[in-house]
Amino acid sequence: MITRRNALMGAAMTALTFTTAARAEAPTKVMTPAAGGDLNLPREKVKLVTPPFVHPHEQATTKGPMIKEFTLVIEEKKVVIDEQGTTFQAMTFNGSMPAPMMVVHQGDYVELTLINPETNTMPHNIDFHAATGALGGGALTHVNPGEQVVLRFKADRTGTFVYHCAPEGMIPWHVVSGMSGTIMVLPREGLKTADGKALKYDKIYYVGEYDLYVPRDENGKYKDYDTPGEAYADTLEVMRGLVPTHVVFNGKVGALTGKNAMTAKVGETIMLVHSQANRDTRPHLIGGHGDYVWETGKFDNPPEKNLETWFIRGGSAGAALYTFKQPGIYAYVNHNLIEAAELGATAHFKVEGKWNDDLMKQVKPPQPIPPQVQGALRKGMIPG
Ligand SMILES: [Cu+2]
């Protein structure tokens, strides 16, 4: 049923849609697949969880292909994105930035119910980079407020893939407003090194990085808006400058630091999936490494080893495995350090365990420079 309010909002947003000059993806004629129930495969409902956590899953499976059922509810909502209380008109799947990570195995079918409740003001859809055809599903999933749709696609290739909202005429705005997540398609036999050795993780975390563009008033103060529609024109102007006001992990400055730090134990292997749906980034674990890194996230390619920093192309998700060897607080950053330290792109790992002196030891603590060394320095000599 279309309410009067929806009809009005729909008209308003359609007008908005066509005022936007740039269209990232051209529309295409699509074939509507047959209604569900035509596949005689076992089904499993998967309950999604809020990132950085990931729903329980098998890494390798002996089961045959299945239909994995997921539900995403679109939620437009005002959120706070920094310690100064700056507000942001977010658009989300399931209320979180990033949206929940989905995990399936190659050959499985992903069956998504996408719900756009009446409380929202805009049409939305979903484009899965893991899917084939119809703009990644974008052309088959347009839902106005008060509508829902069911899309099914076959996960025919392995890897970590971004999914995002992509409504015609408003794609970049919806993406930089929060509407992106990741699906991980695992090989049925699990992850492997280049020479075929099995790789396993003890824990998995999902970090979604966002570049945010918050308009300022004439005094340089961040503006507050009541609805995404009201923020649209000003936000688009900031977006076109290509200089983000915030670069954040998981929706806001400090979402994964301090008491929100990700945790691990010495000896545990962590799988770290990192997505950026719009802009390039370069994750780095300070004091650690990427033991095995699928920079592009695609598991058919052999993982690179022992990386210091890895590159995530805008519009993709990468995956890294690391076994922690020392306890302590580790910063996990975008190694554009200005974005990490000034704009927010920093997370923490709190790692418990026993320190290994062989790997690192403070041989002598800081102390005054001895007189003979001072003397040498005064003569311009390098002591020792
Ligand atoms: Cu959207």
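Colleague: What percentage of the 384 residues in the protein chain is made up of buried residues, and what makes a residue buried?

Modeller: Buried residues make up 41% of the 384. A residue earns that name if 20 or more other C-beta atoms, placed from the backbone, lie within 10 Å of its own; with 12 or fewer it is exposed, and in between it is partly exposed. Bear in mind that this is a predicted model, where local features need pLDDT of at least 70 and side-chain atom pairs count only at pLDDT 80 or more, while totals for chains, interfaces and linings use all residues. Residue numbers start from 1 along each chain as its sequence is written.

Colleague: Thanks! How many helices and strands are there in the protein chain, and what counts as one?

Modeller: The chain has five helices and 21 strands. They are DSSP runs numbered from the N terminus: H or I over at least four residues for a helix, E over at least two for a strand.

Colleague: Why is the protein chain called as compact as a globular protein of that length?

Modeller: Its radius of gyration is 23 Å, close to the 21 Å that the globule rule gives for 384 residues, so the description fits. The radius is taken over C-alpha atoms, and the rule is 2.2 Å times the number of residues to the power 0.38. Along the principal axes, the C-alpha atoms fill a box of roughly 85 × 60 × 30 Å.

Colleague: And what share of the contacts with a separation of 6 or more comes from residues 24 or more positions apart?

Modeller: Such pairs account for 76% of them. A contact here means that the C-beta atoms of two residues, placed from the backbone, lie within 7 Å.

Colleague: Which domains does the assignment give, and how many residues of each are in contact with the other?

Modeller: Domain 1 covers 4–12 + 40–191 and domain 2 covers 209–352; the bounds come from an automatic or database domain assignment. Taken over C-alpha atoms, their centres are separated by 19 Å. Across the boundary, 37 residues of domain 1 are in contact with 39 residues of domain 2.

Colleague: Which elements supply the side of domain 1 that touches domain 2?

Modeller: At least two residues each come from β2 (67–80), β3 (87–93), β8 (159–164), α2 (171–176) and β9 (180–186). The largest share, five residues, is from β8. By residue class, this side divides into 21 nonpolar, 13 polar and three charged. For that count, Ala, Val, Leu, Ile, Met, Phe, Trp, Tyr, Cys and Pro are nonpolar, Asp, Glu, Lys and Arg are charged, and the others, Gly among them, are polar.

Colleague: What makes you say that β8 is mostly covered?

Modeller: Six of its six residues are buried. Gly-159, Phe-161 and Tyr-163 point one way, Thr-160, Val-162 and His-164 the other, and all are buried. In a regular strand the side chains alternate between the two faces of the sheet.

Colleague: How do you know which strands β8 pairs with?

Modeller: Two strands pair if DSSP finds at least two bridges between them. Strand β6 (residues 127–128) is joined to β8 by two bridges and runs antiparallel to it, with Asp-127 opposite His-164. Six bridges join β8 to β9, also antiparallel, and Tyr-163 stands opposite Gly-181 there.

Colleague: What is the strand order of the open sheet of six strands, and which are its edge strands?

Modeller: The order is β13-β12-β15-β19-β17-β18, with mixed pairing. β13 (246–249) and β18 (304–307) are the edge strands, since each pairs on one side only. Within the sheet, β15 (residues 269–276) has seven of its eight residues buried. Seven bridges join β12 (residues 203–212) to β15 in parallel, and eight join β15 to β19 (residues 316–323) antiparallel. In that second pair, Ser-275 has Ala-317 as its bridge partner.

Colleague: Why does one side of β14 and of β16 lack a neighbour in the sheet β14-β21-β20-β16?

Modeller: β14 (262–265) and β16 (283–285) stand at the edges, each with a single partner strand, so one side of each is left without a neighbour in the sheet. This is an open sheet of four strands with mixed pairing. Three bridges join β16 to β20 (residues 328–334), running antiparallel, and Leu-285 stands opposite Tyr-332.
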